[in-house]
Amino acid sequence: MRAAVLHEIGQDKLEVLDDVEAVGFGPGKVKLRVRATGLCHSDVSAMSGVLPQPAPFIPGHEGAGEVIDIGDGVTGLSAGDRVLVCWLPACGACPACRRGQTQLCLAGFMNAGTPNFKRPGGDVFGFAGTGTFTEEVVVDAGCAVPIPDDVPFEIAALIGCGVTTGLGAAINTAQVEAGSSVAVIGCGGVGISTIQGARVQGAAQIVAVDPVESRREAALRFGATEAVAPDGLADAKQRITAGEGFDYVFEVVGKSVTARTAYENTRRGGTLCIVGAGAMDDNFQVNMFELFFDEKRILPSMYGGGDVLRSYERAIALWRAGRIDLESMITHRVQLAEINDALDQMRTGEALRTCIEL
């Protein structure tokens, strides 16, 4: 079986091998044939060590495909079913799940420490307990979510992570109000989805902030009312808010320096929403006086900040109604053998989302 493998954390290239085997199939498990998978910035962050992940591992967590086989005790799924991959399935029994905060369930993270592939040389892990840069993968049954027949695999793959994360940040976590002003810092796939979520919510002004010109141009197509380079944000703040700051600012980069910029551009009493996944040793600082005096809400958003199954359904409904554009988010399509070209396109900002077709 073919798969793209990272041998050691810190390497910037993947090796496409044909001696990989998906393992771990049994009770409560599902074997999937991956048909399409998106390249998410979290995959690159895991490769570089920003996000913790044991190696060697197969990146990829934003996938969709077909069920090959189901293990004992699995209900609601059958061979041949079309599914998307949920990299953070809810166990339904932990305190977070019982409170209705299924996006905070830790059960899925436990899977990341168990190898679900092997090669002749030893075990291989799947990123976030999945690993979709491969032809087949074995996952917990909760990771395989059925999708309607009219949803293409590449669209379902995007919904499995980036779209759900960005839309949910605007709709679930920040709950953007109609007529409000919004700034989105970082306009890759998740940032574009955040822009679309703010537009769906009825924001009056949506300023996209990104250093890459092609991403700024794309942001305008997806609903931003204007797009600026980082050095143009201060001017936009002055023109649009008379210097007060935006009602909502979304940080979709995952770095303390951009989080601080986002904080400074949020109005007093406004909302700063942290969407980007950053490193454990990168500390965001506010002083105690400004924290008290400015009364800004700082809201992290994990996987869209809400029940992911409901979020999937909502994304599909909005896509069907033409309220969000998912097809145009896929700017590049590659085969698995071209995965390193796709990584370069993401790092330079050339690609919004790349679909790897298997």
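A residue is called buried here when its relative accessible area is under 20%, and exposed when that value is over 50%. With that in hand, helix H12 is a good place to start in this predicted model. In H12, the buried residues are Ile 339, Asn 340, Ala 342, Leu 343, Gln 345 and Met 346. General helix geometry is worth recalling at this point: an α-helix has 3.6 residues a turn, so residues three or four places apart point the same way.

The buried residues of H12 pack against strands from both ends of the numbering, namely S1 (3-5), S2 (15-17), S18 (330-335) and S19 (353-357), and also against helices H1 and H7. Just after H12 comes Gly 349, with a positive phi of about 90°.

**The chain as a whole**

Let us step back for a moment. The protein chain contains twelve helices and 19 strands. Its C-alpha atoms fill a box of roughly 60 × 40 × 40 Å along the principal axes. How does the radius of gyration of the protein chain agree with that of a compact globule? For 358 residues, such a globule would have a radius of gyration near 21 Å, and the chain has 20 Å, which agrees.

Buried residues account for 55% of the 358 residues. Among contacts between residues at least 6 apart in sequence, 70% join residues at least 24 apart. The chain exposes about 14600 Å², and carbon and sulfur atoms supply 51% of that area. As for charge, there are 30 positive and 44 negative charges, and their mean positions are 4 Å apart.

**Helix H7**

H7 spans residues 213-221, and H12 packs against this helix through its buried residues. Which residues of H7 are buried? They are Arg 215, Arg 216, Ala 218 and Ala 219. These residues lie on the same side of H7, because they cover an arc of only 160° around the axis. On the other side of H7, Glu 213 and Arg 221 are exposed, so arginines of this helix appear both among the buried residues and among the exposed ones, where an exposed residue has over 50% relative accessible area.

The cover over the buried residues of H7 includes helix H6 (189-201), strands S13 and S14, and helix H12 (339-348). H7 is followed by Gly 223, whose phi is positive, near 125°.

**Helix H8 and its surroundings**

H8 takes up residues 233-241, with Leu 233, Ala 236, Lys 237 and Thr 241 buried. Why do these residues lie on the same side of H8? They cover an arc of only 100° around the axis, which puts them there. Their cover includes strands S12 (181-185), S13 (205-209), S14 (226-228) and S15 (246-251), along with helix H9 (256-264). After H8 comes Ala 242, with a positive phi near 55°.

Two strand residues show this neighbourhood in more detail. Ser 181 is in strand S12 and is buried, at a relative accessible area of 5%. Beyond residues up to four places away in sequence, Ser 181 touches Gln 205, Thr 241, Gly 245, Phe 246, Asp 247 and Tyr 248. Thr 241 is one of the buried residues of H8.

Glu 226, for its part, is in strand S14. Outside its neighbours within four places in sequence, Glu 226 is in contact with Ile 206, Val 207, Ala 208, Leu 220, Ala 236, Arg 239 and Ile 240. Ala 236 is another of the buried residues of H8. Glu 226 and Ser 301 are 75 residues apart along the chain, and their C-alpha atoms are separated by 24 Å.

**Backbone details in loops**

Most residues other than glycine have a negative phi, and most peptide bonds are trans. Against that background, the loops offer some points to look at. The peptide bond joining Ala 55 and Pro 56 is cis, with omega about 0°. Pro 56 is in the loop between helix H1 (41-48) and strand S5 (57-58). Two loop residues with positive phi are set out below.

| Residue | Phi | Loop between | Relative accessible area |
|---|---|---|---|
| Ala 128 | near 55° | S9 (122-126) and S10 (136-140) | 15%, buried |
| Glu 295 | about 50° | H10 (288-294) and S17 (297-300) | 62%, exposed |

Neither is a glycine. Ala 128 is buried, whereas Glu 295 is exposed.

Technical notes. Residues numbered from 1 in each chain as written. Predicted model: local features only at pLDDT ≥ 70, side-chain atom pairs only at ≥ 80, totals over all residues. Heavy atoms only, no water. Buried < 20%, exposed > 50% of the residue type's maximum accessible area, 1.4 Å probe, protein only. Helix = DSSP H or I, 4+ residues; strand = E, 2+ residues; numbered from the N terminus. Arc of directions from axis to C-beta. Contact = heavy atoms within 4.5 Å. Rg over C-alpha atoms; globule rule 2.2 N^0.38 Å. Areas by Shrake-Rupley, 256 points an atom, 1.4 Å probe, with all protein chains shown as cover. Lys, Arg positive; Asp, Glu negative; His and termini not counted. Charge placed at Lys NZ, Arg CZ, Asp CG, Glu CD.
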